[in-house]
Amino acid sequence: MNRSCLVWIVCLVGWLQVLPVYGQQKPGRPNVLIIYTDDLGYGDLSCYGATKLHTPNIDRLAKRGLRFTNAYTTSATCTPSRYALMTGQYPWRKTGTGVLPGDAALIVPTDRISLATVFKKAGYRTGIVGKWHLGLGTAVAKDWNGDIRPGPNETGFDYSFIFPATADRVPTVFVENHRVVALDPSDPIEVSYKEKIGNEPTGKEHPELLKMKASLNHGHDQTIVNGIGRIGYMKGGSTARWTDEEMPLSFLLKAKEFLQATSKQPFFLFYSLTEPHVPRMPSTLFKGKSGLGFRGDAILQIDWAVGQLLDALEKAGLADNTMILFSSDNGPVLDDGYEDGAVTQLNGHRPGGGLRGGKYSIFEAGTRVPFIVYYPNRVKSGTSTALLSQVDLLASFAGGLNVNIPVGEAKDSENQWEVLLGKSAKGRTALITQGASFAVIKENWKYIAPSNGPAIFQLTNIESGHSALPQLYNLTDDPGEQKNLAEANPEKLKELELLLQQIRQ
Ligand code: NG6
Ligand code: CA
């Protein structure tokens with residue numbers, strides 16, 4: 001065989017190897033699917049050590065992908081974590097980024113880069129399906145019966161199918177591209193977080209009408225929708241109110257429709273599940289399946305949805321060129337407002353996987369979350385101990401897709417693209433977490449700033465991390481944060497105290 005013939009054969013073989021992977025899309029532009037759960041803890045998946053629950057589909061992602069053990073949300077509740085994810089900025093830099101009521105105005109700026117606009121700039125079709133919780137419109141007073149904007153579509157999503165806040169807050173409706181779904185114009189919606197409106201019975205007045213009891217003093221006893229008391233009052237919109245048991249299927253169908261829509265563009269889909277946030281009201285097929293109460297059932301339901309999506313990607317021929325990220329917005333809580341068996345049927349399950357605290361807490365279980373990157377043939381399977389924050393996703397995708405971030409925007413976001421791909425194990429040098437107090441984590445050290453408040457949140461029975469004294473933990477030796485080393489290590493304490501101050505300024 002002569003030399004030029006050999007060169008041709010080598011080129012052809014190389015080309016054929018590349019061809020099926022990239023299909024019609026440009027190399028380097030995978031589809032991206034972020035699966036973002038609500039209140040799922042570090043220990044809630046079997047691939048993160050759970051033994052009382054089995055999550056085979058998510059485990060499949062972990063087995064063939066990269067499982068992170070030091071990945072964090074910025075905050076121990078939903079709105080601030082999601083704000084950081086979308087903006088690349090620590091949420092506490094802006095006031096009004098705490099847990100939002102269901103009638104709040106949009107808090108994500110529409111004139112700055114967002115995670116979704118990064119993808120748009122790179123030529124992607126972008127969509128969000130699921131929980132939003134970042135506000136809608138320009139004011140609290142808004143007409144739920146007309147076009148509701150600005151919202152996700154104004155912050156970079158071409159398509160949106162969302163619910164406004166949390167599943168336990170009114171209005172309990174879906175909004176698809178500015179409009180409430182299935183609304184009957186002759187039965188308009190009104191919402192109030194101040195006083196009762198309309199004459200429907202509330203959970204407080206008529207607890208006998210509830211199919212799931214509200215926990216004492218949490219306040220989930222206002223307007224009843226689908227037999228469940230909610231936070232806030234609404235009237236009207238009776239055809240548009242969701243049925244909780246149907247929610248996973250509704251989101252799954254919308255997500256499938258989005259990713260199967262034929263297009264030459266790659267897609268970015270933010271699949272923002274409501275489970276296992278309260279109210280946990282799994283569909284009939286999952287009720288009782290886990291033996292751990294509805295919280296466990298809701299986790300099995302997440303796992304099922306992940307399996308369904310993986311199958312859909314496979315069928316559409318997209319599986320090889322889709323990068324999947326799986327994570328959670330904050331740590332776990334058992335009783336967050338309803339008597340749903342999460343406490344009474346816990347059966348030894350450890351939602352925080354041995355980490356201290358939980359949702360709302362400044363201890364590790366509040367913000368250290370499952371984080372898996374799955375990208376067949378690109379990301380090597382294994383475990384990464386790299387320090388990572390969800391605030392980094394914006395700059396990481398911008399880096400990976402060659403998108404410029406305007407000067408002065410997304411300043412807290414670090415490009416960790418190589419870390420996401422498993423090519424580097426370095427990660428961040430330091431990050432800040434926010435819960436009952438503030439903490440800074442640097443290498444294996446964690447400093448928690450002194451703060452005032454109860455050591456245990458009474459309603460949720462979660463250790464807050466509040467302490468009038470500074471706390472310093474060595475997370476390698478003591479991931480359960482049992483031994484405060486502040487007194488024994490004054491130099492480290494000083495260093496981290498200063499670092500926290502510097503970053504916060
Ligand atoms: C809390 C609610 C809780 C939940 C949470 C938001 C009370 C007593 N508890 O204020 O039930 O809705 O807000 O959760 O009101 S998050 O995951 O969206 O941040
Ligand atoms: Ca949450």
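**Two sheets and the helices packed on them**

Strand β1 (residues 31-37) runs parallel to strand β13 (residues 322-328), and seven bridges join the two. Helices and strands here are DSSP runs, numbered from the N terminus (H or I and at least four residues for a helix, E and at least two for a strand), and two strands are said to pair if DSSP finds at least two bridges between them. Everything below comes from a predicted model, in which local features need pLDDT of at least 70 and side-chain atom pairs count only at pLDDT 80 or more, while totals for chains, interfaces and linings use all residues. Residues are numbered from 1 along each chain as its sequence is written, chains are lettered from A and ligands numbered from 1 in the order in which they are written, and side-chain values use heavy atoms, with hydrogens and water left out.

Within the β1-β13 pair, tyrosine 36 has serine 327 of β13 as its bridge partner. Both strands belong to an open sheet of ten strands with mixed pairing, ordered β7-β6-β5-β4-β12-β1-β13-β14-β2-β15. At its edges sit β7 (179-180) and β15 (382-384), each of which pairs on one side only. Helix α5 (residues 247-260) packs on this sheet and touches β4 (125-131), β5 (159-163), β6 (175-176) and β12 (267-272), its direction making about 175 degrees with that of β12. Contact here means heavy atoms within 4.5 Å; axes are lines fitted to C-alpha atoms, for helices over the stretch in contact, and angles run from 0 to 180 degrees between N-to-C directions. Another helix, α6 (residues 293-315), lies across β1, β12, β13 and β14 (371-374) and runs at about 170 degrees to β13.

How do these two helices meet? The axes of α5 and α6 come within 10 Å and cross at roughly 20 degrees. That makes α5 roughly parallel to α6 (angles under 35 degrees count as roughly parallel, over 145 as roughly antiparallel, 65 to 115 as roughly perpendicular and the rest as oblique). The crossing of α5 past α6 is right-handed, the term for a near helix turned clockwise from the far one by less than a right angle, with anticlockwise giving left-handed. On the α5 side, the contact involves Pro248, Leu249, Leu252, Ala255, Lys256, Leu259 and Gln260, and on the α6 side Gln301, Trp304, Ala305, Gln308, Leu309, Ala312 and Leu313. By class, the residues of this α5-α6 contact come out as ten nonpolar, three polar and one charged (Ala, Val, Leu, Ile, Met, Phe, Trp, Tyr, Cys and Pro count as nonpolar, Asp, Glu, Lys and Arg as charged, and the others, Gly among them, as polar).

Over in the second sheet, four strands line up as β17-β18-β19-β22, with antiparallel pairing and open ends. Here β17 (430-434) and β22 (471-474) are the edge strands, pairing on one side only. Neighbouring strands of this sheet are turned by 20 degrees against each other on average, direction ignored. Five bridges link β17 with β18 (residues 438-442) in the antiparallel sense, and alanine 430 stands opposite lysine 442 in β18. Helix α10 (residues 490-504) packs on this sheet by touching β17, β18, β19 (445-448) and β22, at about 115 degrees to the direction of β18.

Helix α8 (residues 393-400) is largely enclosed by the rest of the structure, because six of its eight residues are buried: Leu393, Leu394, Ala395, Ser396, Phe397 and Ala398. Buried means under 20% relative accessible area, exposed over 50% and partly exposed in between (1.4 Å probe, protein chains only). One of these, Leu394, is touched by methionine 86, as are Val108, Ile113, Ser114, Leu115, Trp132, Leu134, Thr155 and Phe157, leaving aside residues up to four places away in sequence. Methionine 86 itself sits in helix α3 (residues 78-87) and counts as buried at 2% relative accessibility.

Some backbone geometry is worth a look too. Most residues other than glycine have a negative phi, and most peptide bonds are trans. Asparagine 402, just after α8, takes a positive phi of about 60 degrees; this residue lies in the loop between α8 and α9 (417-420) and, at 72% relative accessibility, counts as exposed. Histidine 178 also has a positive phi, about 85 degrees, in the loop between β6 and β7, but counts as buried at 12% relative accessibility. A cis peptide bond joins glutamate 275 to proline 276, with omega about -10 degrees, and the bond from valine 278 to proline 279 is cis as well, with omega near -10 degrees. Proline 276 lies in the loop between β12 and α6, and proline 279 is also placed in the loop between β12 and α6.
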